[in-house]
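Reader: I'm new to this structure and would like a close look at a single part of it. Could you take me to the largest pocket and walk me through what lines it and what lies around it?

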Amino acid sequence: MNKKLMIGIALLMTALFAFVPFARTGASAEVDATAALAKTSRASMLLDADTGTVVFEKNTEDRLQIASMVKIMTLAITFDEIEKRGLPLDTKIVASENAASMGGSQAFLDANAEYTLDELVKSIIVASANDSCVAVAEYLYGSVDAFVSEMNARAAEWGMNNTCFANCTGLPKDGQYCCAKDVAVMFGKLIKHSRFFDHANVWMYDFAHPGGRVTELTNTNKLIRFYDGCDGGKTGYTDAARSCITVTAKRGDTRLICVTIGAENSKTRNKEVSEMLNYGFANYKTTFAVRKGDVIGEFAVSNGKTDSVTVVAAEDCSAFVKTGGKCELTLEHEISELKAPVQAGDKVGRIKVMLNGEEYASVDAVAQNGCAKKGYLDIVDEFISNW
């Protein structure tokens, strides 16, 4: 009897131990899932583009070579300057001999030939053209050195504390470094320019030179073709940096940014980035609390030609949360006492976004329409009408 009892206990214990690996808590299972990500890369980061919430990170502040991902800053400044100066996209730019002499990835510009600003920007986005980077930098700031100074000034302004730029192309040069966290910051700035996406998902096109010569350019970011939702990015490779990429992908309302520095090769790099994005989309979702232009209400205006103005949200506000997690979003508004005159676009208060009962974020509340102040004749007319 004792022998049978001992055998029964042994069998029961064996069954229990066999079950244990499948009874992990949600937290430990998540650790196991993320532990398998970005195995070969030197540094990686996955985050929500709208809120900046980090989903996965690995060595994100290590100072590393990032090769042509330097062009992310080149493009971000270029789009800023286009908007700030009101530059037409058909602005003519002469490619200097210095620009035309660049090696590596290029559009093979003809020295002293004219190209449009849009043509040059497109070749940078699609084909990582070093010669086009230099041509644009020289046009915007007079010299590459002046442009690089601006790149470092922007990096400091944006809190990129582990970054130093030495050129605008990412070609190997002493003293140039960045980190995954800082790459994510500048890429986040870049994708706020909608014009970036005009060219970012172009797969292949013919770059026409003034003399009639044509250069066929192909997108260096293969994920725009092979990963569902990927609509832009920037690649890079040098012997020192190894294989690098930053991409953005959107599914539904969720837009993610993924950075990888120093993967073994492009095939492995693309695989690891795809796995990180898959993890993000499977485990997180974006829910909008309010969108830019959403009407908050009508609010009274004293001493105005009209009795009220329409108040709207100045920008989008979303919550990025775990799939299946609690996500109750409510709005509370604090609107100032309004007195005429009120101009369309004036800030008139704020909208508090509450997540699960606690303040999560706030958005400016602005007047959708203006309201002029009553004049003397308006007061007389009002008096007569009320007589």
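Author: Here is a walk that starts at the pocket and then moves outwards.

A quick word on the ground rules: this is a predicted model, where local features need pLDDT of at least 70, side-chain atom pairs count only at pLDDT 80 or more, and totals for chains, interfaces and linings use all residues. Residues are numbered from 1 along each chain as its sequence is written, and side-chain values use heavy atoms, with hydrogens and water left out.

The largest pocket has a volume of about 870 Å³. A pocket here is an open set of points on a 1 Å grid over the protein atoms alone, where a 1.4 Å probe fits, with protein on both sides within 12 Å along at least five of seven lines; lining residues have an atom within 4 Å of a point. Its volume is the space filled by probe spheres set on the points, which are joined across faces, edges and corners. The lining has 28 residues, and the closest to the pocket's centre are Ala-49, Asp-50, Thr-51, Gly-188 and Lys-192. Strand E1, helix H8 (180-190), strand E9 and strand E13 (317-322) are the elements that give two or more residues to the lining. Helices (H or I, at least four residues) and strands (E, at least two) are DSSP runs, numbered from the N terminus.

H8 is a good place to stop, as this helix gives the most to the lining, with five residues. Eight of its eleven residues are buried, so H8 is largely enclosed by the rest of the structure. Buried means under 20% relative accessible area, exposed means over 50%, and partly exposed is in between (1.4 Å probe, protein chains only). The buried ones are Ala-180, Asp-182, Val-183, Ala-184, Met-186, Phe-187, Gly-188 and Leu-190. So who does the covering? E1, helix H3 (71-85), helix H9 (196-200), E7, E8 and E9 are included in the cover over those buried residues.

Several of those strands turn up again in an open sheet. Five strands make it up, in the order E2-E1-E9-E8-E7, with antiparallel pairing. At the edges stand E2 (54-58) and E7 (230-238), each with a single partner strand, so one side of each has no neighbour in the sheet. From one strand to the next, the twist averages 5°. Two strands count as paired if DSSP finds at least two bridges between them. E8 (residues 242-251) and E9 (residues 254-263) pair in the antiparallel sense over eight bridges, and Ala-249 has Leu-256 of E9 as its bridge partner. Packed on this sheet is helix H11 (residues 266-283), which touches E1 (43-48), E2, E7, E8 and E9, and whose direction makes about 30° with that of E8. Contact means heavy atoms within 4.5 Å; the axes are lines fitted to C-alpha atoms, for helices over the stretch in contact, and angles run from 0 to 180 degrees between N-to-C directions.

Leading up to E1 is the loop that follows helix H2 (26-35), and Ala-38 sits in that loop. Most residues other than glycine have a negative phi, and most peptide bonds are trans. Ala-38 is not a glycine, yet its phi is positive, at about 50°. Ala-38 is also buried, with a relative accessible area of 1%. Compare Phe-108, another residue other than glycine with a positive phi, this one near 60°. You'll find Phe-108 in the loop between helix H4 (97-100) and strand E4 (114-116), and at 45% relative accessibility Phe-108 counts as partly exposed.

There is a second open sheet to look at, too. Six strands form it, in the order E14-E16-E17-E12-E11-E15, and the pairing is mixed. Its edge strands, E14 (329-335) and E15, each pair on one side only. E14 and E16 run antiparallel to each other over seven bridges, with Leu-355 in E16 as the bridge partner of Leu-329. Between E15 (338-339) and E16 (347-355) is a loop that holds Pro-341. Ala-340 and Pro-341 are joined by a cis peptide bond, with omega at about 5°.

To step back, the chain has twelve helices and 17 strands. Of its 387 residues, 45% count as buried.
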